[in-house]
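The following exercises concern helix geometry, helix packing, burial and backbone conformation. Please work through each task before reading its solution.

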Amino acid sequence: MKKTSHDTDFDLEAHAGIIILRHLARRPKAKRMWELVTADPELAAGWQMANFVASKKLGMNDHGRTHATVATASALTLLDLLDGSPFSPDIITGRFGDRDDAALVVMTAMLFHDLGNMVHREEHADLGIVLALPLLDRLLPQIYGNPEQRTAIRSFILSAIYTHHGVPKPLTIEAAIVCIADSTDMTKGRGRVAFESGSITIHSVSALSIERVEIRKGTEKPIELVIHMSSPAGIFQVQEILAPKVRAGPLAEAVDVIAVTDNTPENGDAMVAGIRMQGARFVPYSLPGAVGTRA
């Protein structure tokens, strides 16, 4: 039986949930926040309405619970890959909290970042701040009894929500993680650019060319993002959507962005095997090892 898009989204969300819980295993505060947030009916309704406005009224791709969960799994993976690197979370270097608090900030901001879409796509980051504030004021006191730390934690979360598009630029490591992770949800046409269902544009062709996004420890930098494509058309999605978000914040020098065409006997050798981001430009790239193998 052929899978529907609903089935695919369910699989992605379920898999992302497993990844999230693995990252939260030794982070009691972040895990408690995850339990509170995912059981909250107001937030559930917010995700539903944000997705309704984005998908049904504006013809955009998923901006609801599935996207929030998938992007959160990516964000926590990025955060953990920074362990031991010079790019320590600002909540730690600023002495506002520990790694548990950093995970809570990244996770919560990622889960809340698209709530503004329930009002309108235009200025949705600004609207998201207004909508997130009462939720945070209701949920955070259940974890943080100290009002000073609670205010600092809330500030970090709101900053990350506000800058998740990269404009204005993210100012903290946590905000940069949220900004980048937002665009890693591009598997099988789930790119963050809107396109009308059934229309043929560079956005739709490029988005549908993305097979999967691999987030792993880098060899030259702490993080390596490898985007596997079925055709070179996916390069547009990488260059125009993901790369600007990586460059926007304080993690620009911490993340390698690589896009490769997964060549198989069915599609033959691609004209462009792959690209790798170097500063403001991209250069040709091929994954080490034999052509046709997955990393």
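A crossing of two helices is called left-handed if the near helix is turned anticlockwise from the far one by less than a right angle, and right-handed if clockwise. Helices (H or I, at least four residues) and strands (E, at least two) are DSSP runs, numbered from the N terminus. The model is predicted, so that local features need pLDDT of at least 70 and side-chain atom pairs count only at pLDDT 80 or more, while totals for chains, interfaces and linings use all residues. Residues are numbered from 1 along each chain as its sequence is written, and side-chain values use heavy atoms, with hydrogens and water left out.

**Exercise 1. Describe the chain as a whole.**

Step 1. The chain has 11 helices and five strands.

Step 2. Buried residues make up 52% of the 295 residues in the chain. Here buried means under 20% relative accessible area, exposed over 50%, and partly exposed in between (1.4 Å probe, protein chains only).

Step 3. Of the contacts between residues at least 6 apart in sequence, 65% join residues at least 24 apart. Contact means heavy atoms within 4.5 Å.

**Exercise 2. Determine how helix 7 and helix 8 are arranged, including the handedness of their crossing.**

Step 1. Two packed helices are described by the angle between their axes and the distance between the axes. Axes are lines fitted to C-alpha atoms, for helices over the stretch in contact, and angles run from 0 to 180 degrees between N-to-C directions.

Step 2. The axes of helix 7 (residues 124-139) and helix 8 (residues 147-162) come within 9 Å, with a crossing angle of roughly 155°.

Step 3. Angles under 35 degrees count as roughly parallel, over 145 as roughly antiparallel, 65 to 115 as roughly perpendicular and the rest as oblique. Helix 7 and helix 8 are therefore roughly antiparallel to each other.

Step 4. The crossing of helix 7 and helix 8 is right-handed. Helix 7 makes the contact through Ala125, Asp126, Gly128, Ile129, Ala132, Leu133, Leu136 and Asp137, and helix 8 through Arg154, Ile157, Leu158, Ile161 and Tyr162.

**Exercise 3. Examine helix 11: which span is expected for its 15 residues, at which residue does helix 11 bend, and which helix does it pack against?**

Step 1. The expected span of a helix is 1.5 Å times one less than its number of residues. For the 15 residues of helix 11 (residues 234-248) this gives 21 Å, which agrees with the 21 Å between the end C-alpha atoms.

Step 2. A bend of about 35° occurs at Leu242, and a proline, Pro244, follows within four residues. The bend at a residue is the angle between axes fitted to the seven residues ending there and the seven starting there.

Step 3. The buried residues of helix 11 include Ile241, Leu242, Lys245 and Val246.

Step 4. The axes of helix 9 (residues 173-184) and helix 11 come within 9 Å and cross at roughly 170°. Helix 9 and helix 11 are therefore roughly antiparallel to each other. The contact joins Cys179, Ile180, Asp182, Ser183 and Thr184 of helix 9 to Ile241, Leu242, Lys245 and Val246 of helix 11.

**Exercise 4. Establish the surroundings of Thr72, Thr77 and Ala160, leaving out neighbours up to four places away in sequence.**

Step 1. Thr72 is located in helix 4 (residues 65-81) and counts as buried because its relative accessibility is 0%. Thr72 touches Ile20, Met107, Met110 and Leu111.

Step 2. Thr77 is also in helix 4, and its relative accessibility of 17% places it among the buried residues. Thr77 touches Ile19, His23 and Ile215. Thr77 and Arg22 are 55 residues apart in sequence, with their C-alpha atoms 9.9 Å apart.

Step 3. Ala160 belongs to helix 8 and is buried, with a relative accessible area of 0%. Ala160 touches Ala109, Ala175 and Val178. From Ala160 to Phe112 the separation is 48 residues in sequence and 9.8 Å, C-alpha to C-alpha.

**Exercise 5. Identify the backbone features of Pro168, Arg95 and Glu123.**

Step 1. Most residues other than glycine have a negative phi, and most peptide bonds are trans.

Step 2. The peptide bond from Val167 to Pro168 is cis, with omega near -5°. Pro168 lies in the loop between helix 8 and helix 9.

Step 3. Arg95 has a positive phi, near 60°, and is part of the loop between helix 5 (90-93) and helix 6 (99-112). Arg95 is exposed, with a relative accessible area of 79%.

Step 4. Glu123 has a positive phi of about 60° and sits in the loop between helix 6 and helix 7. Its relative accessible area of 52% makes Glu123 exposed.
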